[in-house]
Amino acid sequence: MTDRSPWTPPPRSFADEAGRSIRIERGIDDRAALVGMYESYAPHHRAQGLPPVGQARIEEWLDTVSEGLNVVAWHGDRAVGHSALLGGADDHELMIFVHQNYRLSGTGSRLIRSLLAYGYAQGVETVWLCVRPSNTIAVSLYESVGFERAEERGSDLEMTLTLQE
């Protein structure tokens, strides 16, 4: 493994497309803020049953995802995005959620790039995800960071990215 990463690891700060100051940090230390983000998540932006609905279910789900590599996007003291790599030693699933008020602002792409840099530094070899092919904005985002289409399974498209050569 080389120590040269193609991505900038967190923490990092930037101004999004709306001029808001966003910072990305590792971990999910402020669980209450993250629960708040997920409680206000628009129902029509949920996919595959995620994020879960209701504080208790969100808390339980965060217990599970906290075992992976996590990054959170912050606008002041408000969580506005969350991404994680979940899985085994070599093969990790990527999940990402950006609050509807911060979509199409550049937050998602920076969040993914930061997470992938974190994963690269931790020795993650392969990352995969599933997305609906009709979600062209998400597919475009994933392709922009290097994901390739692997196969379609029913209504989902599996995409993969190799981090370590």
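Phe147 touches L94, L116, V127, W128, L129, Y142, M159, T160 and L161, leaving out residues up to four places away in sequence. I should say at once that this is a predicted model. F147 is found in the loop between α4, residues 136-144, and β7. Is F147 buried or exposed? Its relative accessibility is 3%, and because buried means under 20%, F147 counts as buried. F147 and E125 are 22 residues apart in sequence, and their C-alpha atoms are 13 Å apart in space.

Three of the contacts of F147, namely V127, W128 and L129, bring us to strand β6. Along β6 the side chains alternate. V127, L129 and V131 point to one face and are buried, while T126, W128 and C130 point to the other face and are not buried. The chain reaches β6 from β5 by way of helix α3, residues 107-121, in a right-handed β-α-β crossover.

Which strands does β6 pair with? To β5, residues 91-98, strand β6 is joined by three bridges, and these two strands run parallel. Within this pair, D91 stands opposite T126, and E93 stands opposite W128. To β8, residues 156-162, strand β6 is joined by six bridges, and here the strands run antiparallel. V127 of β6 stands opposite L161 in β8; V127 and L161 are also among the residues that F147 touches.

Let me now place these strands in the sheet. The sheet is open and has eight strands, in the order β1-β2-β3-β4-β5-β6-β8-β7, with mixed pairing. Its edge strands are β1, residues 12-15, and β7, residues 148-153, each of which pairs on one side only. From one strand to the next, the twist averages 25°.

I turn next to strand β3, residues 69-75. How many of the residues of β3 are buried? Six of its seven residues are, and the strand is mostly covered. With β2, strand β3 pairs in the antiparallel sense over four bridges, and A73 in β3 is the bridge partner of I24. With β4, the pairing is again in the antiparallel sense, over seven bridges, and V72 stands opposite H82 in β4. β3 and β4 form a hairpin with two residues between them. In that turn, G76 has a positive phi of about 65°.

Helix α1, residues 31-39, has as its buried residues A33, L34, V35, M37 and Y38. What covers these residues of α1? The cover includes α2, residues 55-65, together with the strands β3, β4 and β5. Strand β5 is thus part of the cover over α1, and β5 is also joined to β6 by the parallel bridges described earlier.

My last site is D16, in the loop between β1 and β2, the latter being residues 21-26. D16 has a relative accessible area of 5%, and is therefore buried, the cut-off being under 20%. With which side chain does the side chain of D16 make a polar contact? The partner is the side chain of R20, at 2.7 Å. Leaving aside neighbours within four places in sequence, D16 is in contact with I22, Y102, S105 and T107.

To close, I return to the two loop residues: F147 lies between α4 and β7 and D16 between β1 and β2. F147 counts as buried, and D16 is buried too.

How values were computed:
Residues are numbered from 1 along each chain as its sequence is written. This is a predicted model: local features need pLDDT of at least 70, side-chain atom pairs count only at pLDDT 80 or more; totals for chains, interfaces and linings use all residues. Side-chain values use heavy atoms; hydrogens and water are left out. Two strands pair if DSSP finds at least two bridges between them. Axes are lines fitted to C-alpha atoms, for helices over the stretch in contact, and angles run from 0 to 180 degrees between N-to-C directions. Buried means under 20% relative accessible area, exposed over 50%, partly exposed in between (1.4 Å probe, protein chains only). Contact means heavy atoms within 4.5 Å. A crossover is right-handed if, with the strands pointing away from the viewer, the path from the first strand over the helix to the second runs clockwise. A polar contact is a pair of N or O atoms within 3.5 Å; within protein, one must be able to donate a hydrogen and the other to accept it, and residues adjacent in sequence count only if both atoms are side-chain atoms.
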